[in-house]
Structures are given as C-alpha cells and as structure tokens.
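Reader: Please take me through the cysteines, the nonpolar core and the aromatic pairs. Keep it brisk.

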Amino acid sequence: MLLSRKFVSDYIDLDENLTINEIAEAMTGVGNEYDDAGSLIKCSKLVTGEVLECVDHPDSDHLHCCKVDVGTEVLDIVCGAPNVKKGLKVIVALVGAKLPGGEIKKGTIRGQESNGMLCSMAELGLDNKFLKPEDKEGIHVLPQDTPLGVDAIKALGLDDEVIDFELTSNRGDLLSILGMAYELGAIYNKKVKDIDLSYTANSDDIKNSFKIDVQTDDCSLFLAKKAINVTIKESPEFIKNRLIASGIRPINNVVDISNYVMLETGQPLHYYDANRLGNTLIVRNANDNEKLTTLDSQERILSREDIVIADPNKAVGLAGVMGGLSTEVEEDTKDIIIESAIFDSIKIRKTSKKILRSEASNRFEKGLDPKRTYMAIERSCALLEKYADATIVGGMLEYNNSNITDANIDITIDKIKSVLGINISKEEVISIFERLGFTVKDNNESLNVIVPSRRRDIKIVEDLIEEVGRIYGMDKIEGKLPVLETIKGSYDKTKRAIKHKLADLGLNETMSYTLIPNSEVHKFTKDEFTEVTLNDPMSEDRNTLRYSLLYSLNEIYKYNKARNNSNISIFELAKGFYKDSEGTYQEESKLAVLMAGEYKLDIQRENVDFYYIKGVMEELLYFLGYEGRYSLQINDTIPNELHPGVSAAIVVNGTNVGIIGKLHPNVSKDNVYVMEINLTKLLSFRTGSMKYKDVSKFPGIYKDVAFIVDNKVTSQDIELAIKKAGGRLLTNIQIFDLYPNIEDNKKSMAYKLCFQDPSRTLEDEEVMQVFNTIIDSVTSKFNAKVRDK
Amino acid sequence: MQENINNIKESLVRDLESVNKPQDIVDLKAKYVGKSGCITELTKNMRDLSIEEKKTVGMLVNEVKNYANDLISKKEEEINNAILNEKLNKESIDITLPSKKIKRGSLHPMTRMVEEFEDLFVSMGFTVFEGPELESDENCFQKLNIPKGHPARDAQDTFYLKDEVENFLLRSQTSTAQVRAMEANEEKGPIRIVCPGKVYRRDEDATHSHQFMQIEGLVIDKNISMADLKGTLEVMMKRILGEKTQVRFRPSFFPFTEPSVEVDVTCFKCGGKGCSLCKQTGWIEVLGAGMVHPDVLTMSGYDPKVYQGFAFGTGIDRMAMFKYNIPDIRTIYGNDIRFIEQFDRKDED
C-alpha cells in the first residue's frame, strides 16, 4: 500500500515538521512496517522556465541550442528533444540538480555551452506506466500560465511524499486513506475529518429503469446507483497526481474517480456503461467453462468457484477481480451504473490467485466494512457530479445480507495487565481506545468497548489487548523471566550422542535435502514401500520424499569429487518417509554413512576399505549397547546398488536394521563404502544400562592356533564355533593373521585366545583341555586342520 | 693412625679428580671401601687393641669411611647424570616436524546451532519436543487459527502431498509443535517446550531455501505474560548472538498469537550504529512471537480463561548465517566438504 502524504492530509492534520521517515517509523512502531519512504519525485533544483529562443545546433542533426528564461536569468541549454521549440513552458534542471539518472553538470556539447537540462517526465523518475503518449516523445510541456522560476515539482503538483507499507494480512482497513488517517490519528492523537458525501440527486428513481438480482450466498451486500450524462475527460490534476502517488495509472475522470474512491474508502467500485448493459444486474456463481472477456481483452474460462456479475444473457464482469470488456466505460459513455458490493473473500482469493491479482481483489480478500460500501457509493456520486458533470439518479438498489456490526467487548484492566505484563492505569487504557476511535463505557469492574466495523480484525478481548499494547508501545514492555516450577528439561540424548560419536571418529556431518527425484526413491534399499510424492513440486529433481539417505550422500560424494575432494567420510541423521499399507504416512529416523578415499590424513595415508566402515559400524553399535547382539548376514535385504560380494545386512536381535557395503561398480566406479541404519528400528531394541564389571586380578593365559579352512568359511563362523567350545574361561578371541590361498582354495586363519578366571589363577592343564576342545570342535565342524607352527 | 687417615683422605681427593666413567667408580670403591680397600685395611689390627683404643680407632675409621662413601657417591651421581644427559641429548627430536594427524570430524552448523538452543532451553526447564515433518493441514494450519482460504496462507507456499491438497503437507512451520504439544498433554497442564526442526516452503534464493530449520518455543501456564516472553527472548538472544545483544518488540500479526510481535535484535555487525546489513536501522528482524491465541488454546483442549502462554518461532539458518557469517543459505545445504569440515572446533562459551 502506497500512502500519499497529500492524500491522507485531506483527512488528518499532520504536523508539517514531521518528516516522512518519522511518520513511517511511528507507523512501524504500531505494527505497520514499511519498505520505503521519501519524496514522490526524488529530484532537486528543478525550476520552471520558458524557451525564448530555439535554433538548430550547428554541428548536429538533432540537437537544439536554446535560450531559456528561468525567472532570475536566461540560460544557454542544449536540448535533444524533438518537441522543443520557442515559447514552450518547460521543466529546467539547473546545474547541480540531482536526478535519478545522475547530477546535471555545466558542460559543452559539440562546442556549444549548456547550463542545465530540459526534462522529460521519465527523467524525473516517473514510471513509464504513468506517462501520457506525448510525454513519451520528449520533454514535458507545462501549461502556458505556469509562472517562471518556481519549483517545477510543485508546479506539477507532484510535490508529494510517499510511504510504501508492507501491511499484515489482518489490517485490510489500512488499504484505505481513511484507515491510514485513523491509524495516524491514534498515534498523533488527532481527529479524523469527515468525508464529503454531498450531491444532489434528480427526482427520478433508479428502480424505475433498473434492477438487481443476487442469486448467490457469496455476495453479502450489493448496492447500485445510476449517474447519467457524464462528461468523459481528463481528471483534475490533484486526482491524477494522487493516483500516481498511489501507484495507479490515471485514465479518464470517470475511471479515475472509481479508483480514487477505492483508495479513499478501501471499497472497490465498478462502473458499467449503462447503455450497453440492459436493465438487470445479476450476481451469481459462474458456470463451469463459462467464458468472459475481461477489460484487458483476455478471454477467461470460469468455474463454479468464481462469482460473476451478469445480465440475463451473459457474464459482464468477474466479481471482485475485473470488469468485462463488453460494458467498459469508454470515451463515448454517457450513463453509468455504479456497483459497490462485498463478495466472499475466500472465493475472491481463489479466483484472483487463478486469474489476476488486482488492487480490487486485494481489498476484497482482506474483508470489507459494509459501512464503507455505502460510503463509497455516495462518495462516488459526489465526485461524479463535481468532476464529471454527472446527474445522479435518485434512489439506490440495495441487497443487504451482511451481518457485520460493531464489535461490543467487555474487558478488565487486570486482564490487560496480566497479558501484557505491564502496569497501566484505567485512564491510560480509556485514552488509548478513544484515540483509536472506539467508544468506551466505564462500568467500574470492566470497560465496555464498542469497536467500529471498519476494524474487522478486532473481535475478542485479546484483540483489544493488542491495541493497547500497540499504542502503549510493545517495546516499552520490560522483560522478566517467567516464575515457574523448577523442572528438569530434556532432549534426545541418544541422537546427539550418535552424532558426537561419529564426529569423534573423524566423520563430517552433512545436511541434505529431503526432496529427491522420484526415479531414485527405491534405490539403496530392497524394502517394498509406497513413496510419498508432492502435489506441486518446484522441479522434477525434488518431487519425492526420500526413503533412504544414501542417494543424497552419494550425490554429496559426487559433488565433492568433481571439486577434487575425494577423501570423504560423512554421515547424516535424518528422516526417511513412506506410506504404509494402511495408507498412513510414516517417517523413520535413519543414519547413513559414506566413506571413500583416504581416511587418516597426513603421514599415515590409508584408503578406506570395507573393514573401515565396518569398524565405524561396530564402534557405534558397541557404543549404543548392542555389543554381542548384532551380526552381519548375507540375505535378500541387500540392495542392488551394493557390490554383491562386499556387502551385508546388519541384523540386530534377528531383525534387519540396516545394510553395509561397497557401492556397486554400476553405481560408482570409485571405491565408495556406505552404510545405513534404521535408527527407529534399532533403538526400539532396549539396551540395559551400563554396569561395572570386576577387573580380574589373576593373569590370563594366551594360546595361539591357526586353522586351514575352505575359503568360503567366514571368520564369523569360526569365531562363533570357538566361542561356543571355549565356554566361560575363554574371555577374548583375536584374529592376528590371515593367509589367503595357502593351499588350493583354502586359507589360513590364526587366532589368539585368552583364558581367564576372575577368581583364581588357571592351571595350564585345564586351559589345555579347553583349548583342545576348541581345536576339535573347529576342525570337525569346518573340516579344518591345524596349521603347523 | 691419624696420619694414615689423613693420607687416605688426600689420596682419595686426588684420585677423584681423574674419575670420569662408571668403571672408575667401581675401581675407586674397591681401592678405598671395598673388602680389601685401604680403609677396610685399617681395621685389620683392631683385635690387638684395648677396648678404649678400639673405640677411638673405630670412630676414626667410621668417620673416614663415611667421608669416602659420601665423596664417591657424589661423584658417582655426577657421572651418571652426565651419561643420562648425553643420552637424552642424543634422543632429542625436531619437535617442529608435523604431527601424526588424527582425523578430524565435524558437526553440521545446523546441529551446532540446534544444540546451543537446546542446551540453553533445557537449562531453563524446557523439554525438547520433536514433531513429525510430514504433517496434517489440521495441525499445521487449522488448529493454529489458519482456516482454509485464510490470507495468511499466502506467505507460506506449501508443499502438499500428491492427492492430499489441503490435507497433508511437509510442515511449513514448526509452530505445528504447539498443537502437538498441547494435544499430547493429557492433564492439559503447564507446558514448556522448544521444537527445533526442518520445515519446507516453496521458495528458493540466496536467503531462502525450500528446506530450512526453525525452532519453536511454547510456554503455557496460568500467569504468563508478554513480559515473560521478552525476558526469555532476551536471554536467548544474548546467549546465541552475544551478551551485548538487545531485543526490540514491534507489534505484528500472526493468526495463532494475539497480541503478536516481530522481534528485532541489535545488528551484530555494527552493534546498532547502522550498516548495510541492517539497512542503516541498527536492528535486524529475527523472530515472530506473541501470546497464544485463545482459539488456538481452545482447539487443543485448553481453557483460555485458566491458561495463557507465549509462543515464538525463529529461523535457525538465519541465526547460523549471522553467527558464522555465511552469506548464502544455499551454502548451508550445499554439503561442500570444504564448508562443513570447518565446523570442527568448539564455540566460544
């Protein structure tokens, strides 16, 4: 919303010493933020002048050498405009003048001295849309009666200041000069002046020649009046200038008046050329696929959701958004029907979102005050009579199904104090309400406040409290800490511990986007699930919610590798999404790890292999308390994106909770290792709390043994067999040598076993007995033999 | 006898001068105090003496023996020290050579920010409450007083799920945690939570990412006021952005709070003097807050006549951008290893 200072000054006396920035800041202080505040025309040293002489420049085919009288002196100015000629009254930028295009300097143009510039409106910074055709051609020509040597911006009537507000969606009332006047009145404690609604109607009655028929609940108030014998011409300067300051292009007096009244009252109006309309206006919902050509000559295809104004045959306007082309007010229009109405704000919002956002739709969307609907139609008549020579036909067509009234709210000072946390007196509160234009009755126990319907945002006690806070000054509230019962706060310690553990292991945490391409969502998993997709994605690359995080981590790897950083050890903890078989949306916490390139840096450079990432996994599962409860298994949950020979499922308590392995060469040519654990599943298995175990005071006895076994026997198989046979005395198993292909298709695996009893020193014989049992068990189970030392 | 002793002493002092290796000490010990050393020799004829004489001679011999032992062990220590020093000298290394580097991990800046917020609020008795990222329209909008068609929905262009328009969405604000926390509270009693988390909106440029993070706070009790809100936010902003940070309230509008405020903090770049970051105002808008709207309380089962409370929500990414001086939000989600590995040391306390 652009607020013209001159415009609002019609309704409130603002102290002339207030700068526009001070006004803007004061409005911000009560909750109305602004983007920009300043002069409408941001130029200095512009004066009016008269071209006394104009001759062609001797060295140019388009420049002119002019002698220009600026009142105090006659200046030589070189001008390139095609329309410059002797006798014109013009805008002169003196030497030193600051224009949007730069500063005017004294100079010589092709040998001819030039002491200033004759200006076009565009050079003054006026937006192209406000320029008249003649102003697009060259310098601006002032009326012949313009005095010489005066401030040209003033002479143009554009000596205005403007604030560009960014209003909150609840303050539809501020989309009007009157609303702004009330707000400023509350800030500066000034009364808002009355609006002139006076005109003389003729003795005829509109009902004799016209009728309205509202056929939809989406219109709560519809008023129509008729003005005849209008003269279409240019608007007076003040109307045009105020429209320009408000960002609206002047067209002709009649159209301008409808916009002017909308700006004043916040009520959008529509004028129809009565002679192209027939004698009935119908308000109804559009039919599906109904067509309407709007003012901008575009054919719009409508639906049941849209509201139209129609004659008995066809739609003639899209309610609240834009008029129809067929009944547009044009140069030859004589009689007009004035419409002032309230349409359903949600419907207008939907239609305008679909078709076009306009000044009108913006106001309908925010909700309107019925009193203003009446006020606007009367104001419209007053201005049409005054500036378009209209005769106003008596009577008004009226459909009123509106139930909006002044709000009536009881409020106590205690409640205000308790919500705002301030000390405020009853007198202060009453004064604030009165400044806002509310009516207050003091009932001792409470105040009864009547809020005029222009403030549709105020409905309940809390709304009134906000008003008190706004005008009192929210920032004057002094902060204190709440006095509350002392309780223990808490957070998810496990997730935090996991992150810190992995960072401590030298991994870098990433944070990537949840949204991924649909083509990738079923990768890196064998799980069967229905993916979750977006209705209206920003791009195809981000149209689906990820299930696995590994796609993202691989993308991060590729991104960094392309930048010559291929030593990547990263992890991420985030949600994976799917829709379950009952159609319920599910999200699970997942932890993904990716390792590639060198892990340790500097002196000891080593490339990551499967056993590194397995180490990370073991370290983490140990840390979380799952030691001895997990295993790696080759099963059908291993995704196709992993190398079939270098991958496994992570199984905890018999449940698949994740996968680990090397990326399949089809996915990555590099040696990239990944792991993903479903934390929601994993952490559903409870772990006992950590307990101290007595440290044995008695020494352990160590025995080494190496088995020669088939290549396909896994280390895990052997370890399990050893453990089973070793019983209670066996406290540790460590593989210390691996000799592949020691014989045809056989490998040697050497283990160091530790035997220990917490309560006594073991005898060598009993250890040997267990040791031999182990050897027997392994050799018979795997058809292994013990390798000779 | 005395003369003998004096001679021994003199001879010992002389001998000591030429001693310079451990073997010399062994030899010296043998010569003087060993089984057949000259001092031991002095006692050989003792048995021929009278008791009185034995006493006198014994004393003298002991004295010289102690004298010799002292001198020899001092010298021995000297020599051992010299040997040790020589050994240490040989072992000395170039301590300026590079270390054996230990791989350095890092936590994402968002994690660091979240933990900072969590630690602060947990210390004030708040519980960290995590809601789902996939939310119903009811929880994300309707129960926050944003009915279908409400103009406030404009500001949050929402990612609805396929076939679920105005039904299910990726949450566009962590404010939905207010609803979740109130609904989860079976006694409909006091609440003190913060909810950090990811949120999603259809928006993407240097300062907006379609995925970003917010933290929501909610305190509900019988006597909670805007003053409590301000005090809490003052503590929070000082902790996150520095002790000198000041907080300013400006009235504003959010459908789920009434009264509502926008919260500005003094510009951390210029300290409030005015600079390009704060557009010369000295203030930067960082947060929206207010008193929970009575309709929002009612919709989640609270009696607004008994309970009132405040809520606030702020962008964690923006805070991180301020705190770590990150100019483009897309850097945060770019996952360039050269960016993320920088977050590997502790923050200033």
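Short questions and answers follow.

Author: This is a predicted model, where local features need pLDDT of at least 70, side-chain atom pairs count only at pLDDT 80 or more, and totals for chains, interfaces and linings use all residues. Residues are numbered from 1 along each chain as its sequence is written, chains are lettered from A and ligands numbered from 1 in the order written, and side-chain values use heavy atoms, without hydrogens and water.

Reader: How many disulfides does the structure hold over all chains?

Author: A disulfide is a pair of cysteine sulfur atoms within 2.5 Å. For Cys43(A), the nearest cysteine sulfur, that of Cys119(A), is 7.2 Å away. The sulfur of Cys140(B) is 11 Å from the closest one, in Cys195(B), so too far for a bond. The count over all chains is zero.

Reader: Which helix gives the most to the largest nonpolar core?

Author: A nonpolar core joins buried (under 20% relative accessible area, 1.4 Å probe, protein chains only) Ala, Val, Leu, Ile, Met, Phe, Trp, Tyr and Cys residues through side-chain atoms within 4.5 Å. The largest has 201 residues, and Phe222(A) and Met236(B) are among those touching the most other members. Helices here are DSSP runs (H or I, at least four residues), numbered from the N terminus. With eight residues, the top contributor is chain B's helix α8.

Reader: Is the aromatic pair of Tyr302(B) and Tyr307(B) stacked or edge-to-face?

Author: Rings of Phe, Tyr and Trp (its six-membered ring) pair with centres within 6.5 Å; planes under 30 degrees apart are stacked, over 60 edge-to-face, the rest tilted. Here the centres are 5.6 Å apart and the planes meet at 85°. The pair is edge-to-face.

Notes: Buried means under 20% relative accessible area, exposed over 50%, partly exposed in between (1.4 Å probe, protein chains only). Helices (H or I, at least four residues) and strands (E, at least two) are DSSP runs, numbered from the N terminus.
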